[in-house]
Amino acid sequence: MNPNIEYEKFTREVYQKLLDADVVKTTEVKHNVKLTGKSGQKHQIDVYWEYEIEGVRRKVAIECKNYNKAVSLGKVRDFYGVLIDLNNVAGIMVTKIGYQEGAKKYASHYDINLMELRAPNKGEGIIGETTLNIDAKIRHCLFLVDEEWAKAKNLNFQQYKENLDFMSNFDWPPRRTPIRWSEATHIPLGTKDRKIRDGKGQTITTLDELDRKLPEKFEKESDFTFNFLDAYIDTTYWGPVKIKEIKYTHEIKKQTTVISIDAHEFIKAILKDAESGKIKLIVMKE
């Protein structure tokens, strides 16, 4: 199908929709009409309609330019030549990209309405935005490492804490108050399983059992701690690590999300007045 003819039919459909919604009763908006001018010359009009208001017959002709560049002064001037030869016909020119400045000045002087008409691009159908604020409560399971044991094993947990501080800079969403792990007593540790064993390797309890033992009021309080005398967890990096406490704590993370209300799928066309910049979103059923 010829893309220029498709654009002309698209224009006819849009203006039919606009006029159907108007209080003015119009005749059918037609595509590819031949009109004879005062000179006797026949002119091909891309889109044409007539209507009557207060007893006066009005006629409108649309010249369609399916261009991917700004319309030049010459094209507007050619269209004006057609309008002058016709009998009292108002003119509208439509294109997809826009018009050169000379074309705008010329059209304004001779009362030719310049419009931009095209299908919407992605993101141009946004008709509103709403902000959603979410406070997410995150539960942390933190461990107090036995420092004397760690020192005897020549394990540097202070360096690990500083590494946690560095990694927390990349948290998203950002924390309201960044956690300074290098100054914390209890820290997160990656574990191979959820078992807590004694020095002989026997299972004392599990993290799942501790979860079930948390008091109901814990949800309203900041933390709850379990104490141990001889307990180890099997970590992914250091292997078995001796711990003195396991502390459960809460952190509130605030996340703000902007949700766009996008009517892109329902908008058939964007019609823009090239002079005023006023935009109309045209919604049409398929």
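This passage walks through the nonpolar cores, a cavity, some strand pairing and one buried acidic residue. The structure is a predicted model, so everything here describes that prediction.

A good place to start is the largest nonpolar core, which has 25 residues. Within this core, Phe 157, Leu 189, Ile 196, Leu 210 and Ile 246 touch the most other members. Several elements put in two or more residues each: the strands β6 (126-145), β9 (223-235) and β10 (239-262), along with the helices α4 (147-152), α5 (157-168) and α6 (207-213). It is β9 that gives the largest share, with five residues.

Ile 196 shows what the surroundings of one of these core residues look like. Setting aside neighbours within four places in sequence, Ile 196 is in contact with a run of residues from Gln 202 through Thr 203, Ile 204, Thr 205 and Thr 206 to Leu 207. Its other contacts on that basis are Leu 210, Phe 228, Ala 231, Tyr 232, Ile 233 and Ile 246. Another core, of 21 residues, lies apart from the largest one, and its members include Ala 61, Leu 86, Tyr 106 and Ile 112.

Next comes the empty space. The count comes to one cavity of 30 Å³ or more, and the largest cavity holds about 30 Å³. Its lining is made up of Phe 143, Val 145, Glu 147, Phe 157, Lys 161, Thr 185 and Ile 187. Sorted by character, that lining comes out as four nonpolar residues, one polar and two charged. Both β6 and α5 supply at least two of the lining residues. Phe 157 turns up here in the lining and also among the core residues that touch the most other members.

Strand pairing can be followed through β3 (residues 56-65). On one side of the story is β2 (residues 42-53), which runs antiparallel to β3 and is joined to it by seven bridges; here Val 47 stands opposite Ile 62 in β3. The other partner is β4 (residues 90-95), which runs parallel to β3, with six bridges between them. In that pairing, Glu 63 stands opposite Met 93 in β4.

Finally, there is Asp 234, which sits in strand β9. With a relative accessible area of 19%, Asp 234 counts as buried because the cut-off is under 20%. Leaving out residues up to four places away in sequence, Asp 234 touches Gly 190, Thr 191, Lys 192, Asp 193, Arg 197, Gly 239 and Pro 240. One of these, Thr 191, is 43 residues apart from Asp 234 along the chain, yet their C-alpha atoms are separated by 5.7 Å.

Methods
Residues numbered from 1 in each chain as written. Predicted model: local features only at pLDDT ≥ 70, side-chain atom pairs only at ≥ 80, totals over all residues. Heavy atoms only, no water. Core = buried A, V, L, I, M, F, W, Y, C linked by side-chain atoms within 4.5 Å. Buried < 20%, exposed > 50% of the residue type's maximum accessible area, 1.4 Å probe, protein only. Helix = DSSP H or I, 4+ residues; strand = E, 2+ residues; numbered from the N terminus. Contact = heavy atoms within 4.5 Å. 1 Å grid on protein atoms, 1.4 Å probe; cavity = no way out; pocket = protein on both sides within 12 Å on 5 of 7 lines; lining within 4 Å. Points joined across faces, edges and corners; volume = space filled by probe spheres on them. Nonpolar A, V, L, I, M, F, W, Y, C, P; charged D, E, K, R; others polar. Pairing = 2+ DSSP bridges.
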